[in-house]
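Let's take a walk through this structure together, moving from a covalent link to sheets and then to aromatic rings. Have the sequence and the 3D view open side by side as you read.

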Amino acid sequence: MSRGAAHAPKALLLLLVTCLTGAAIAAPKAIDYVVRSDGVVSAVIGGQPARLRISPWAPAAPTLNPDFAQRIGLHGGLFGFAVKVGPVKVAGQSSVTRLEVSKASFRRRVVWFDRPWSTGADAAVGPGGLPVDIVRFDLRTPQPGERTIAVPLDQGPFRPSYGRVAIGKRSLIVLFDPQHRQTLATAGAGAALAEGLGGQFYGGADRAEVAFGIQRPVRAMRLARPLSVGPLAIEQLFVRTGDNGSVAGIPDADADPEEIVVTARGGNRRDVLIVGRDQLDRCSSIVFDKKAKLIRLSCR
């Protein structure tokens, strides 16, 4: 064997080590995808140009409006599904297609319903549906005196990305959505807040949009002790009076002694609080760090 041949394995080993070391150095760090304004970006879905809204409120599964699903020729499987908004049942279908967002191209299971999900866009997706580690929602310029506090992140393939907050023995799902105008709780979440923090209804009945353009009855509630969610201190909110729980035990500052109130009870409910723009206007950013499983809020 020649001297050159004897040294060939060492040369190959050195080359391999150099390549591996270079690959390790060049390995990308966690990708930070920044969302600004109303969250609507240009995308390609199913081979067709689309307006995609990136929203904390949207599920991880990209959710298409029905007319767009029809435009790109999607067909559901044998078994559909449905979601309920109050008493309204909304039928859905799912399929798999390719999405191109920014420089990323990926296949995802998408869903669509018989009612439009997003106005001003063809589809919506939550942080959990983007193939990046970090999704950052820039809401405004940072202000002096802001604090950044992390909330544990829970996520799943068909759910929005959310946190949790404990009220007594109850655990509330907390969604952060600057695209919701008002902070809104289900009846069960409102009852837990009233019991734990001294809540009281005030004013008359109103209505608020929940999802799919569906409006549900709500009442304003004031808390004697603010609810702390990260750096936010929530003192008042709206409560859905007839959905997912009962509001029968919440004191009413403006109650009519002759009024009969009918409330929803029991069932498989989820106690949900949506923190809307009325509170998030105090924040400069919401960061969903999927790898660390944290939601970081920077607010004053």
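A disulfide is a pair of cysteine sulfur atoms within 2.5 Å. Keep in mind that what you see is a predicted model. With that cut-off, the structure holds one disulfide. It is formed by Cys-283 and Cys-299, whose sulfur atoms are 2.0 Å apart. The torsion about the S-S bond of Cys-283 and Cys-299 is about 90°, so the disulfide is right-handed. The pair links distant parts of the chain, with Cys-283 in strand E18 and Cys-299 in strand E19 (residues 294-299), 16 residues apart. Are these two cysteines buried or exposed? Cys-283 counts as buried at 0% relative accessibility, and Cys-299 counts as buried at 1%.

Now follow those two strands into their sheet. E18 and E19 belong to an open sheet of five strands, in the order E1-E9-E18-E19-E10 and with mixed pairing. At its edges you will find strand E1 (32-35) and strand E10 (147-152), each pairing on one side only. Neighbouring strands of this sheet are turned by 20° against each other on average, direction ignored. As a reminder, strands of a sheet pair through backbone hydrogen bonds, either parallel or antiparallel. Strand E9 (residues 134-138) and strand E18 (residues 283-289) take the antiparallel option, over five bridges. To see one of the matched positions, find Val-135, whose bridge partner in E18 is Phe-288.

The next stop is the second sheet. Which strands make up this open sheet, and in what order? It has seven strands in the order E11-E12-E17-E13-E16-E15-E14, again with mixed pairing. E11 and strand E14 (199-211) stand at the edges with a single partner strand each, so one side of each is left without a neighbour in the sheet. Helix H3 (residues 187-197) packs on this sheet, where it touches E11, E12, strand E13 (184-185), E14, E15, strand E16 (232-240) and E17. The direction of H3 makes about 25° with that of E15.

Let's cross this sheet from the E11 edge. Strand E11 (residues 163-167) pairs with E12 in the antiparallel sense over five bridges, and Gly-163 stands opposite Val-174 in E12. The hairpin of E11 and E12 has two residues between the strands, and there Gly-168 takes a positive phi near 60°. Strand E12 (residues 170-176) is mostly covered, with five of its seven residues buried. E12 also runs parallel to strand E17 (residues 272-275), joined to it by four bridges; here Ile-173 stands opposite Val-272 in E17. At the other edge, E14 and strand E15 (residues 214-229) pair in the antiparallel sense over nine bridges, and Ala-211 stands opposite Ile-214 in E15.

Finally, turn on the aromatic side chains. A pair of aromatic rings is described by the distance of the centres and the angle of the planes. The structure holds five aromatic pairs. In one of them, the rings of Phe-81 and Phe-113 have their centres 5.6 Å apart and their planes at 90°, so the pair is edge-to-face. This pair links distant parts of the chain: Phe-81 lies in strand E5 (residues 81-85) and Phe-113 in strand E7 (residues 104-113), 32 residues apart. Phe-81 is partly exposed, with a relative accessible area of 34%, whereas Phe-113 is buried, with a value of 8%.

Another pair takes you back to the five-stranded sheet. The rings of Phe-137 and Phe-288 have their centres 5.8 Å apart and their planes at 80°, so the pair is edge-to-face. Phe-137 in strand E9 and Phe-288 in strand E18 are 151 residues apart, so to find them you look at distant parts of the chain. Phe-137 counts as buried at 3% relative accessibility, and Phe-288 counts as buried at 0%. Phe-288 is also the bridge partner of Val-135.

Two more sights round off the tour. Trp-57, Phe-81, Phe-113, Trp-117 and Phe-212 form one aromatic cluster. Elsewhere, the charged end of Arg-222 sits over the ring of Tyr-202, 3.9 Å from its centre.

Notes. Residues are numbered from 1 along each chain as its sequence is written. This is a predicted model: local features need pLDDT of at least 70, side-chain atom pairs count only at pLDDT 80 or more; totals for chains, interfaces and linings use all residues. Side-chain values use heavy atoms; hydrogens and water are left out. Two strands pair if DSSP finds at least two bridges between them. Axes are lines fitted to C-alpha atoms, for helices over the stretch in contact, and angles run from 0 to 180 degrees between N-to-C directions. Rings of Phe, Tyr and Trp (its six-membered ring) pair if their centres lie within 6.5 Å; planes under 30 degrees apart count as stacked, over 60 as edge-to-face and the rest as tilted. Buried means under 20% relative accessible area, exposed over 50%, partly exposed in between (1.4 Å probe, protein chains only). A charge sits over a ring if NZ of Lys or CZ of Arg is within 6 Å of the ring centre and within 35 degrees of the ring normal. Contact means heavy atoms within 4.5 Å.
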